[in-house]
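Reader: I have the model open and would like to go through it with you, strand by strand where that helps. Could you keep to what can be read from the coordinates?

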Amino acid sequence: MSQTVIVNGRVVKGLKRGLNIKGNFKEKKIISKLSLYFGITFSRTEKFKNTDYNFSFLQPGDNYREKFNMYNEILLLFSPFSDFDRRALDFVDKTLGDYDNRLDKVCIFLVSKDENIELKISSLNNENKDSKLIIPFTYKEFEDNKVDKDLIENKLRKYFYSRDLFALESPIKNDTYFYGRKKMVQEFYAKYIVGEQGGLFGLRKIGKTSVLYALERTIQSKNGKSIYIDCQSPSIHGLRWFELLKEIAEKIISKYKINFDIDRYEFSEAKSAKNFEEIIVELYKLLDCNRILLILDEIEMICVDTAQSSHWKNGNDFIYFWQTIRAFCQEHQDELSFLVAGVNPHCIEKVSINGIDNPIFSMINPIYLDLFDINDVRHMVKSIGKYMGLNFDEEIYTKLVEDYGGHPFLVRHICSLINNGIPLDRPQQISKYDYEAEKNNYDFRITKYIEQIIYVLKHWYPKEYELLEILSIQGNEKFLNSLGRSDYTTIDHLMGYGILKKHRETYFITIQALKNYLENNSKQYLTETLEQKRAVISSRRNNLETILRELIKTLFIANYGKIKAREKIMAVKKTEERPKYEGIDINDLMKGHFYFLELKTLISKNWDLFKNIFENKGSFETYMDIINSLRVDAHAKDITEDEYMMFDLAMKWMEEKV
């Protein structure tokens, strides 16, 4: 063992006094080697699923804090099997939970006898983007005396900096990257404990499913029972109401491995409600009288008006299903409760369906999943960024809230774009100037995510989408004048999502990127004043110009390389003007040193690169000329309705192509 070094009361090298190291002879030698670089503060052997695991805690010193933002103790786990067993990761989850107040929840050191452990960890990372940062070593590396300060730091750089931890597309299935929602999880858990029903609503991609997964983990950790149903799956919404009742029972039996013969029961329209009641009561007893929480996610898929299958959308399946569930919950409060989740609480606000009372009308008090505030954004971005060697200026957190409303999915993807533009020589400080310089590019790159978020409103709740368009395009006064008495429920929904807020008598959209999207993609360009027309033309034209600049740069570099691309781009400049652009990088050149018509010339003269995008060269050149001629934002002139319609036609053609 190395000599013990204590800094500010922390053992940062060597062995904590009196500590009894666990493990076999080889593992103790490995710990001895690591004690040259870390403090060894804890050691233990635990049995888990019939396997003994030896583990210790490593405490990093200032060197690792500065380079890798490693502040908490790190779990060191030994896997003494020649073929790595992934079940060891279940033990990791348990241990991180048991020592939550001490251990880093993301980074783990794993020492394995499996010589292919690096490939297996890489495969694991590809399968699960939200997996932990596992730093793999082999017993042989230590036996061959290969492990030193440089090897450890190289491994840390490789596994910390090479993964984009911001770019998580799927719902989060563990606590590793789960931020800002613990209070809400506890709120729903409290409802479950007393047998109350719940409703979780909010924008797409805002994290509803991640909350539901966290709720299930909480229930499981306290020996409760739950079953999750994804109504978005055709295997669910394709079922009739009585078939879905059977599916729920079968999922409970399967998840908890209950010995129960469900085929003894008939699930027909006449008998399914009664048989469902008998089965759930029996399953409750077999589950040691633990209440079962039924979670129905993407509830729109089995709701009237929004379902994909006609028997839910137009028939009475919604009525019969919920009559059965409601009757059961009222009779058996201890056995079953339910939680529905979706975008909009329409399904619990509709008084009647096909002339029949809605069984769950006003039965649930809807809870909306709001956008992150600046503290949540700071915590998430700072915590994830530190593992990737990124430190953010304080002002960036404010900008992320102002520009993207604190929508966690959008914020993470903006940070992912920031990460992609930073070299791997880290840690790096991200300044507000870096952010501002690339802001337009970020907005262009996340358009598809804005469309994902807004799609449900546009296609299922068009009144909500229309009101957002009116406010975005025509302003607060027109928005207020357009409101009817029934629209105030719609306003409640929009404010519940967090994308609409009111200050005195003024409403405003909280996500600037969404407002920009609406302005640039709205079909409502029915402007009334010259100032409004100018604003619309300026906004749409500037957005198109940003997209064209990025498109030209990307295709030129991809086809010619950076040096040749710069030469071809400069060819549109007059010979006598070119010297003043010497030394300016192609990225900076394309940001603001070319006029709109020069962009047209670059595309026209290199048509082969762009023909698959714009298809018709004549149309492209004509529409570019029209758009350029109507620069009313730059020239104080009037614009006729015919001119405005021509601009709109040209712009729509270009917007569709790009």
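Reader: Which residue in E11 does Leu296 stand opposite?

Author: Leu296 stands opposite Val340 in E11. Five bridges join strand E10 (residues 292-297) to strand E11 (residues 336-342), and the two run parallel; strands here are DSSP runs of E with at least two residues, helices are runs of H or I with at least four, and both are numbered from the N terminus. Two strands are said to pair if DSSP finds at least two bridges between them.

Reader: Before we go on, what kind of model is this?

Author: This is a predicted model, in which local features need pLDDT of at least 70 and side-chain atom pairs count only at pLDDT 80 or more, while totals for chains, interfaces and linings use all residues. Residues are numbered from 1 along each chain as its sequence is written, and side-chain values use heavy atoms, with hydrogens and water left out.

Reader: Back to the sheet, then: what is the strand order?

Author: The sheet is open and has five strands, in the order E9-E10-E11-E8-E14, with parallel pairing. Strand E9 (225-230) and strand E14 (366-368) are the edge strands, each pairing on one side only. On average, neighbouring strands of this sheet are turned by 20° against each other, direction ignored.

Reader: Which strands does helix H13 touch?

Author: Helix H13 (residues 317-331) packs on the sheet and touches E10 and E11, and its direction makes about 140° with that of E11. Contact means heavy atoms within 4.5 Å, and the axes are lines fitted to C-alpha atoms, for helices over the stretch in contact, with angles running from 0 to 180 degrees between N-to-C directions.

Reader: Different region: is E5 enclosed or open, and why?

Author: Seven of the seven residues of E5 are buried, so E5 is largely enclosed by the rest of the structure; buried means under 20% relative accessible area, exposed over 50% and partly exposed in between, with a 1.4 Å probe and protein chains only. Both faces are covered, with Glu73, Leu75, Leu77 and Ser79 buried on one side and Ile74, Leu76 and Phe78 buried on the other.

Reader: And which strands pair with it?

Author: Strand E5 (residues 73-79) runs parallel to E6 and is joined to E6 by six bridges, with Leu75 partnered by Ile108 and Leu76 by Phe109. Strand E4 (residues 51-59) pairs with E5 in the antiparallel sense over four bridges, and Ser56 stands opposite Leu76 there. Strand E6 (residues 103-112) is itself mostly covered, since nine of its ten residues are buried.

Reader: What does Phe48 touch?

Author: Leaving out residues up to four places away in sequence, Phe48 touches Tyr53, Arg87, Asp90, Phe91 and Lys94. Phe48 lies in strand E3 (residues 39-48), and because its relative accessibility is 15%, Phe48 counts as buried.

Reader: Now the whole protein: how many helices and strands are there?

Author: There are 28 helices and 18 strands, and the C-alpha atoms fill a box of roughly 80 × 70 × 45 Å along the principal axes. Of the 658 residues, 52% count as buried, and among contacts between residues at least 6 apart in sequence, 71% join residues at least 24 apart.
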